[in-house]
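Here is a model to read through questions and answers. Each answer sets a value against its definition.

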Amino acid sequence: EEETVAAAVMRLDGTVLVVWHHGRMAGLVRRFPLANPDDVSEAWPDDRFDLFWILVRQTVDPVSYRFVAQPQLLLEGDHGLDGVDGVDGPDGGDAS
């Protein structure tokens, strides 16, 4: 399933929103050609329900993406990416 979704997304132009089960998100993200594959966590953090995992298209031919984890920071007590190992901060630097 993940391979099919990744292939379909890579054929599209513009912004694409994919909603996927958090337990399988890392597997989906790893199907994309990533400029920074080491920044993708092995699994979605079990204690986080406020993250967006974003793939920013870097090049078109050949297609490649940069992985970014972005917290929503909507509620009191929400925190940034502190303690979330292996994710890239919104500015492209390591968030930990």
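Q: What share of the contacts in the protein chain with a separation of 6 or more comes from residues 24 or more positions apart?
A: The share is 32%. Contact means heavy atoms within 4.5 Å. This is a predicted model: local features need pLDDT of at least 70, side-chain atom pairs count only at pLDDT 80 or more, and totals for chains, interfaces and linings use all residues. Residues are numbered from 1 along each chain as its sequence is written, and side-chain values use heavy atoms, with hydrogens and water left out.

Q: What makes β1 and β2 a pair?
A: Two strands pair if DSSP finds at least two bridges between them. Nine bridges join β1 (residues 51-60) to β2 (residues 63-71), so the two strands pair. They run antiparallel. One bridge matches F52 with Q70 in β2. A hairpin of two residues links the strands.

Q: Which elements does the protein chain have, and what counts as one?
A: Two helices and two strands. Helices are DSSP runs of H or I with at least four residues; strands are runs of E with at least two; both are numbered from the N terminus. The order from the N terminus is α-α-β-β.

Q: Why are the buried residues of α1 said to be on the same side?
A: Buried means under 20% relative accessible area, exposed over 50%, partly exposed in between (1.4 Å probe, protein chains only). In α1 (residues 2-10), E2, A6 and V9 are buried. They cover an arc of only 65 degrees around the axis, so they lie on the same side of α1. That arc is taken from the directions from the helix axis to the C-beta atoms. E3 and T4, on the other side, are exposed.
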